[in-house]
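Thanks for coming. I will take a few minutes to walk through one structure, part by part.

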Amino acid sequence: MRRFALALLLSASLGACATVPGERDRGLMVAPVLPGADARDTFSYARPEIARVAHVELDLALDFAARAVGGTATLDVIAAPGASELVLDNAGMTISRVTDAAGRDLPFRTARPAGKSDAPLTIAIGPGPARRKVTIQYTAAPEAEALQWLTPEQTAGKRHPFLFSQGQPILNRSWIPTQDSPGIRQTWRARVTAPKPLTVVMSGLRIGEPEDLGTRRAFTFAMDKPVAPYLIAIAAGDIAFQALGSRSGVWAEPPVLDAAASETADTEKMIAAAETLYGPYRWGRYDMIVLPPAFPYGGMENPVMTFLTPTFIAGDRSLNGLVAHELAHSWSGNLVTNANWRDSWLNEGTTNYFENRIIEALYGTRRARQEAALSFADMEAELAEAGMTNPLTALNLSETVAGPDAGLTGIVYDKGAIFLRTVESVVGRPRFDAWLRGWFDRHAFQPATSAMLLADIRANLVRGDAELERRLMLEDWLYKPGLPANVARPDPAAFAEVDAAAKLYAERISQAIDYGEPRTARVATPQAWPRWTSAERQRFLKAIPRDLDREELRVLDQNLGLSSTGNNEELFLWLNLALANRYEPVLPLAERFLASVGRRKFVAPLFETLMGEGTWGQGHARRIYAKTRGTYHPVTRAAVDRLVK
């Protein structure tokens, strides 16, 4: 067990967020490190109780030919009395030299433990003052897990290469030498050079105009608010910008920009709705970048520069809940951050709840209730598969079962949101909203734990009311597996029409079988499909029977236009259903989809489905993966590697 005496001292002396002595001209703040075993991060080698990083200053060059990032990182370090070592996280970086503020060499060592892909970088800082500066000269490896280098052929424009990073959860240690733990919040500044005509963006505010260096340009960025290290992000490529409002805009490759701007056009309205709900947006600007399709996630909430997948572009804003989700992270996740990955639900579950409230404010209760019901169904499916007693179905995970990627998606995202929706249903929305806004205010720019949230609810919502405490079942929600008895279930009316249509579809198939008719003789695809929302269409595709024959699938596709939809969520559900029934006609479409999309949410399940279909599916899976593996981000590749043997 690590001791957090210094962390406790820092918390007490600096308060929630304080200006660093000697750094007032830059407006930098230092966030406290939380004391206590429940805040301990077992996925970082850092020892913040001895010496911790408060600020990172990067001076880097992007080398697209070598697929390398290199330069210097200068760290502002706060050390405990008598501290002699600074421990950082390192995954494959080559460290060439480490110096102190006077330019003197500092001894360092890095040795990767057996079976690990990362290692501690231990620097001998020796005795000295509480505040130190340490400069590290280094190069990130071409295979750095946080970085994906794309060839021109992998971009929309086909003319220039592209680079983007994905740091969550513990990948930034592959290109930034720092303490890569969400509980060790840091301010940062970066100067990055890139070859012309490429443009660099980062998850900080740009300082001034790019500096012309002949064949290269230098871009400078700063984040003066302490953030979790996984939120430091970079992208570089042939990208252009379009303003969406006074404080928001979107970047994308020129061929994609118009569609991206159209799909994100409601962003300013979303910011206003979020502020009305839970307080001011505290980051200055809210910009986004729509990345090439190799990006492994739907979105990543990097401050002031959300990273988005192009797969959310449906042409009708039906999937712009993704934008609402990443925006909500500006409060839940970025403003108040889980101190370690065992409490990932604090980021994602709270954000899922917040996203739904933004959707309700902009698009009405019908869409919000439907999307909440989809979330509930996803959670139920995850619980059914994992088992109600599985420790992975608790919100707060024990060290014995947690991984840096947290637990099960349906729990971290969906059960977390449903917990907050249950609290809201018990205490009433006005009272709940006042508490949640206060939670963000009281813990702004700080790490948090489940224990802290529980204490805050008791102090500011329950307030000694024993009957309310009993009704909320707080400890059951946070620490026990399964689903507590007081769960607020979705309104069945949200999908009444859709569920009736799915039931009729199944009944007609059964009737045809009973009467010895072809199964399509009584087919009942819904006539209302064209006017249904995307949530309704997804619900139908999930609710109809899983075992369909070739002719049923053909008629389903013909009547509903599934193979030609521009909505990737619906297309994914259709492809998964068709492949699970060995429907050969979709194979070319599935192969094109897997070759053009790198989002793990879509890619991994489709390969899993193919691998589950015996020699037929396994042969196709191996053939397709042999072609596409090199185009996927390491996050997606790692998931599929476990499936395709």
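I will go through two sheets, then a cavity, then a pair of helices. Please keep in mind that this is a predicted model.

Let us start with the sheet that contains β5. Three strands make up this open sheet, in the order β5-β8-β7, and they pair in the antiparallel sense. Why do two of its strands have one side without a neighbour in the sheet? β5, residues 85-90, and β7, residues 108-110, stand at the edges with a single partner strand each, so one side of each has no neighbour there. On average, neighbouring strands in this sheet are turned by 20° against each other, if direction is ignored. Between β5 and β8, which covers residues 119-124, there are six bridges. To find one of them on the screen, look for L88, whose bridge partner in β8 is L121.

The next sheet is also described by its strand order. It is open, has four strands in the order β10-β11-β17-β13, and its pairing is antiparallel. At the edges are β10, residues 147-150, and β13, residues 199-202, and each of these pairs on one side only. Here the average turn between neighbouring strands is 15°, again ignoring direction. Four bridges link β13 with β17, residues 234-237, in an antiparallel pairing. M202 has I234 in β17 as its bridge partner.

Now the cavities. How many of 30 Å³ or more does a search of the whole structure find? The search finds two. I will describe the second largest, which holds about 40 Å³ of space. Its lining includes S332, L346, T350 and A448. Three elements give two or more residues to that lining: β23 (336-338), α5 (345-363) and α8 (429-442). Of these, β23 has the largest share, with three residues. Sorted by class, the lining of this cavity has five nonpolar residues, four polar ones and no charged ones.

Last, the helix pair. The axes of α13, residues 534-543, and α15, residues 568-580, come within 10 Å and cross at roughly 10°. How should we describe that arrangement? Angles under 35 degrees count as roughly parallel, and the crossing angle therefore makes α13 roughly parallel to α15. On the α13 side, the contact is made by S534, R537, Q538, L541 and K542, and on the α15 side by E569, E570 and L573. Those contact residues divide into four charged, two polar and two nonpolar.

That is the end of the tour.

How values were computed: Residues are numbered from 1 along each chain as its sequence is written. This is a predicted model: local features need pLDDT of at least 70, side-chain atom pairs count only at pLDDT 80 or more; totals for chains, interfaces and linings use all residues. Side-chain values use heavy atoms; hydrogens and water are left out. Two strands pair if DSSP finds at least two bridges between them. Axes are lines fitted to C-alpha atoms, for helices over the stretch in contact, and angles run from 0 to 180 degrees between N-to-C directions. On a 1 Å grid over the protein atoms alone, a cavity is a set of points where a 1.4 Å probe fits but cannot get out, and a pocket is an open set with protein on both sides within 12 Å along at least five of seven lines; lining residues have an atom within 4 Å of a point. Grid points are joined across faces, edges and corners, and a volume is the space filled by probe spheres set on the points. Ala, Val, Leu, Ile, Met, Phe, Trp, Tyr, Cys and Pro count as nonpolar, Asp, Glu, Lys and Arg as charged, and the others, Gly among them, as polar. Angles under 35 degrees count as roughly parallel, over 145 as roughly antiparallel, 65 to 115 as roughly perpendicular and the rest as oblique. Contact means heavy atoms within 4.5 Å.
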